[in-house]
Amino acid sequence: MKTLHTLPAQARWYLIGLALCGAVGCGSEKKPQPVPDGAQVLLTDGDRLLPNFEILSIESANMAADRSISFIASRTGTDTLNGVFFRTPTGQIRSILAPGSALAGDLPLTRIRKLNMAQSGQFAFSVGDQLDDNTIFYSDGTRTSLIATTESEEPLPDFRIVGELRVEEGGVLAFSDGSNPCSVDTSGAVQRTRCRLRLQYGPPGDVTEVAVPNDLDGQNPTAIILQLNERNQAAVGLPARGEEPYVGILDQGIFTGILFRRETLPEYGVLTNAKPRAMGKDGTIAIDGDFDTDGDSDRDVERVLRYRSGGLDLAASTGDEVPFGQKEIIDLNAVAVDDIGRMYYIAEFLGGGEERDLLRVWDGTTNTDIIWQRKRYGGEAEMGQELEITEIFQTRVYGDGTVLMVVSLGFYEEGTRRITSRQLLRWKDGKLDTLLESKATIGDGTLVGFQIADLNSSGDLLLIAEINVRANRALLLLPREDVLLP
């Protein structure tokens, strides 16, 4: 066993400090920032939603502009099944699909997923995740209807598996699905399903296939990407062959291609792949693009691009330098677009022999750095170590450019990362501050962790929080007054 003298110096001083505190008394550890006054715990595990449904865990949730919420929860008991529920703005809970309900039948209620909600309050979800074991439901919180099922040719013929699933304002559906012919490859560690893909669009009861110029045979069901905005437009990413479009716009059920495979873009190179990552209210699209710049037909540069008013501009490329010791960017991912077309993206770079993330915003002329790993923030730890941002978990951007981020804070000790807290940060008008911090007291418990579930168009933030221990999950609402106002 190590004696005091054989321990590292920092550990020796820590133990000496404990001894002195016991003898003469010391100040307590720095207390976390209090939970905002307006924060509300809406639901938590243990709440009973139906006579046979006590919440074991809240799996996912979405929130509309009026604070109505759709959520998926699992129930306690040996038979752990999921259900879908709707919470009205006044707090009334309605069962949408639950074990024993008429709609449930013999559906596999252990696999409810792809919950998506429009700001106008309508939502959709799927049950099942296997070929020929999939169903799509749609609800407005009062009435629930079947959109597609593999058990019948009605209401959507030849539906075998769902890919992307989105609900536009007013309740119009946009989704992709796999139809015949399909194949399943079980030779590897992961089962691979390939089908003929379709892009579907329309209101419940009138969903029709959208004509696209791409050959969608033999594709992964999730190969189509859909990014919606508030004006019922969608940026569509497609698998492409030949000179087919990689990216297009879906507007009122009509598809128009805008970026094409092997297209030569002046100053950027030959496009070898492109994926839309976000679409703003004004139609601006944030795009991840891969380019061949040396004529060998292989990707050699990644770029984040902004498509706006029919034109492209460039925010960053791999190989660009970042202002942290002249380090180079090695990877790029666009994440959001705000209401005036500014684009937000993550640049990964090498620093000090490790990969680090940097969150930036591009306004069309200038990149502004928001936060990055190893950024000093939060003062000092109990033993005087400088606190730094050690990981960026989530990023959400409100329409006015307010950025919300879930990060971990800590310090590095002899190459080992020590985490002190998880924090919800806000970046607004160039200022960074903390809205929420783990270890804070909330009600009769302690906030252990949290993740962003949704940010609605009114600025209200919905979190799935962990209280007391990580297994205890709750829905936590931060109202717009606490989210947007200083």
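The following exercises with worked solutions concern salt bridges and surface charge in a predicted model.

Residues are numbered from 1 along each chain as its sequence is written. In this predicted model, local features need pLDDT of at least 70 and side-chain atom pairs count only at pLDDT 80 or more, while totals for chains, interfaces and linings use all residues; side-chain values use heavy atoms, with hydrogens and water left out.

**Exercise 1.** Determine which parts of the chain the salt bridge of Arg196 ties together.

*Solution.*
1. A salt bridge requires a side-chain nitrogen of Lys or Arg within 4 Å of a carboxyl oxygen of Asp or Glu.
2. Arg196 meets this condition with Glu209, their closest N and O atoms being 2.9 Å apart.
3. Arg196 belongs to strand S13 (residues 192-202) and Glu209 to strand S14 (residues 208-209), so the pair joins parts 13 residues apart in sequence. Strands are DSSP runs (E, at least two residues), numbered from the N terminus.

**Exercise 2.** Classify Glu302 and Arg418 as buried, partly exposed or exposed.

*Solution.*
1. Buried means under 20% relative accessible area, exposed over 50%, and partly exposed in between (1.4 Å probe, protein chains only).
2. Glu302 has 16% relative accessibility and is therefore buried; its salt-bridge partner is Arg299, at 3.7 Å between the closest N and O atoms.
3. Arg418 has 37% and is therefore partly exposed. Its side chain meets that of Glu413 in a salt bridge (3.1 Å, N to O).

**Exercise 3.** Identify the residues linked in a network of salt bridges.

*Solution.*
1. The structure holds 31 salt bridges.
2. Glu354, Arg356, Arg374, Arg376, Glu386 and Glu388 are linked in such a network.

Notes
Helix = DSSP H or I, 4+ residues; strand = E, 2+ residues; numbered from the N terminus.
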